[in-house]
Amino acid sequence: MALRHAVLAALLDGEFSGYELAKSFDIGVANFWHASPQQLYAELAKLEKDGLVEGRQVVQETRPNKRLFQVTDAGRTELEAFAAAASKPPVIRDDLLVKVQNADRIGTAPVIEQLEDRASAAEAKIELLGRVLRKMRGDVDEEEYLLRGERIGGYLTGLRGIAFEQGHRDWCRRSAAILRERQKTRAER
């Protein structure tokens with residue numbers, strides 16, 4: 001998947017400035033696609049040049065002017081083609097895994113600390129995504145929302161984000177505990 005598809009999909013909700021898109025990305029899309037604000041602004045410029053989004057200038061009296069972007073018909077066609085294309089299986093690319101793989105050769109203390117930091121970050125993300133999902137469904141319970149709620153795609157990707165972060169948190173905690181126990185056992189010898 002290219003960043004362009006994630007940006008086009010985010011813009012399906014309406015007009016956004018680059019700043020609003022970055023905020024939206026940070027809450028809704030970041031659990032499955034990361035992009036810095038600079039990358040988003042650059043991608044918006046490319047999408048506009050390619051005719052997949054159109055931007056308009058909004059003059060503001062008390063603040064700097066801003067540009068609002070929305071998906072064009074060509075952008076929707078691009079997204080439809082993307083949705084119809086086969087998806088590639090996900091791959092893991094994580095520098096922490098390289099460290100864990102070699103922890104018994106390079107020292108475990110810094111790796112344990114990084115695993116614990118990652119577990120804490122995953123826990124915070126779980127809480128954030130949980131709040132976002134509760135806000136999306138309002139007073140409706142989850143099963144009812146899954147059957148009849150609006151914007152089910154965002155809810156489903158939020159559920160996937162929570163499941164991913166829970167698995168990541170649990171693996172980090174377990175790996176840290178194992179490495180800590182091995183470190184203790186070696187010290188006792």
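Nine helices and three strands make up the secondary structure of this chain, which is a predicted model. Reading from the N terminus, the elements go α-β-α-α-β-β-α-α-α-α-α-α. The chain is more spread out than a compact globule, because its radius of gyration of 21 Å sits well over the 16 Å that the globule rule gives for 189 residues.

**Overall dimensions**
- Along its principal axes, the C-alpha trace covers about 70 × 45 × 40 Å.

**Burial and surface**
- Of the 189 residues in the chain, 29% are buried.
- The exposed area of the chain comes to about 12,800 Å².
- Carbon and sulfur atoms supply 52% of that exposed area.

**Contacts along the sequence**
- Take the contacts between residues at least 6 apart in sequence: 57% of them join residues at least 24 apart.

**The second largest pocket**
- Rolling a probe the size of a water molecule over the atoms shows where empty space is left.
- The second largest pocket holds about 170 Å³ of space.
- Its lining includes Ser17, Tyr19 and Glu20, along with Gln60, Arg63, Pro64, Asn65 and Lys66.
- By residue class, the lining of the second largest pocket splits into three charged, three polar and two nonpolar residues.
- Tyr19 and Pro64 are the nonpolar pair in that lining, while Glu20, Arg63 and Lys66 are the charged ones.
- That leaves Ser17, Gln60 and Asn65 as the polar members of the lining.

Technical notes. Residues numbered from 1 in each chain as written. Predicted model: local features only at pLDDT ≥ 70, side-chain atom pairs only at ≥ 80, totals over all residues. Heavy atoms only, no water. 1 Å grid on protein atoms, 1.4 Å probe; cavity = no way out; pocket = protein on both sides within 12 Å on 5 of 7 lines; lining within 4 Å. Points joined across faces, edges and corners; volume = space filled by probe spheres on them. Helix = DSSP H or I, 4+ residues; strand = E, 2+ residues; numbered from the N terminus. Rg over C-alpha atoms; globule rule 2.2 N^0.38 Å. Buried < 20%, exposed > 50% of the residue type's maximum accessible area, 1.4 Å probe, protein only. Contact = heavy atoms within 4.5 Å. Areas by Shrake-Rupley, 256 points an atom, 1.4 Å probe, with all protein chains shown as cover.
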